[in-house]
Amino acid sequence: MKKIEAIIKPFKLDDVREALGEIGVTGMTVSEVKGFGRQKGHTELYRGAEYMVDFLPKAKLEIVVSSDSVERCVKAIMETAQTGKIGDGKIFITEVERVIRIRTGEEDGEAI
């Protein structure tokens, strides 16, 4: 099993969720996060004063899938979240040792 974490632009979240649903992803966790990479941030004007916004709003998706589903999920996220502009985000893939469903005690594949 693998855990896919994707940091994307917030306005792309619904499109990515739909694309993942179409390929059979039945659950995910979504968090509103802030951060920056090469994009750095930007300046904004408020009541005539200019100030720096260092952390930009992003959406973080977390999905645990079987190892054979990873490439389909990554492809769906890439095709849907990509705008071609700086700040599109990142995808991180890590190994998952064990999954347990709290309600039933099911483990691993049955718990996903």
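**Two helices packed on a four-stranded sheet**

In this predicted model, E32 stands opposite A59 in strand β5. That pair belongs to the antiparallel pairing of β2 with β5 (residues 56-65), which extends over 7 bridges.

The pairing of β2 with β5 is part of a wider arrangement: 4 strands form an open sheet, ordered β2-β5-β1-β6, with antiparallel pairing. At the edges lie β2 (29-35) and β6 (89-95), each of which pairs on one side only. From one strand to the next, the twist averages 20°.

Both helices can be placed with respect to this sheet. Helix α1 packs on the sheet and touches β1, β2 and β5, with a direction that makes about 10° with that of β5. Helix α2, in turn, lies across β1, β5 and β6 and runs at about 5° to β1.

The relation between the helices follows. Two packed helices are described by the angle between their axes and the distance between the axes. Here the axes of α1 (residues 13-22) and α2 (residues 70-81) come within 9 Å and cross at roughly 150°. Angles over 145 degrees count as roughly antiparallel, and α1 and α2 are therefore roughly antiparallel to each other. The crossing in which α1 passes α2 is right-handed.

At residue level, α1 contributes D15, V16, A19 and L20 to this contact, and these meet C73, A76, I77, T80 and A81 of α2. By character, the residues of the contact divide into 7 nonpolar, 1 polar and 1 charged.

Finally, the confidence of the prediction should be considered. The protein averages a pLDDT of 89, and 89% of the residues score at least 70. Confidence is highest in strand β1 (residues 2-8), at a mean of 97, and lowest in strand β3 (residues 42-46), at 64. Where pLDDT is low, the predicted coordinates should not be read in detail.

Notes:
Residues numbered from 1 in each chain as written. Predicted model: local features only at pLDDT ≥ 70, side-chain atom pairs only at ≥ 80, totals over all residues. Heavy atoms only, no water. pLDDT = per-residue confidence, 0-100. Axes fitted to C-alpha atoms, helices over the stretch in contact; angles between N-to-C directions. Parallel < 35°, antiparallel > 145°, perpendicular 65-115°, else oblique. Left-handed = near helix turned anticlockwise from the far one by under 90°. Contact = heavy atoms within 4.5 Å. Nonpolar A, V, L, I, M, F, W, Y, C, P; charged D, E, K, R; others polar. Pairing = 2+ DSSP bridges.
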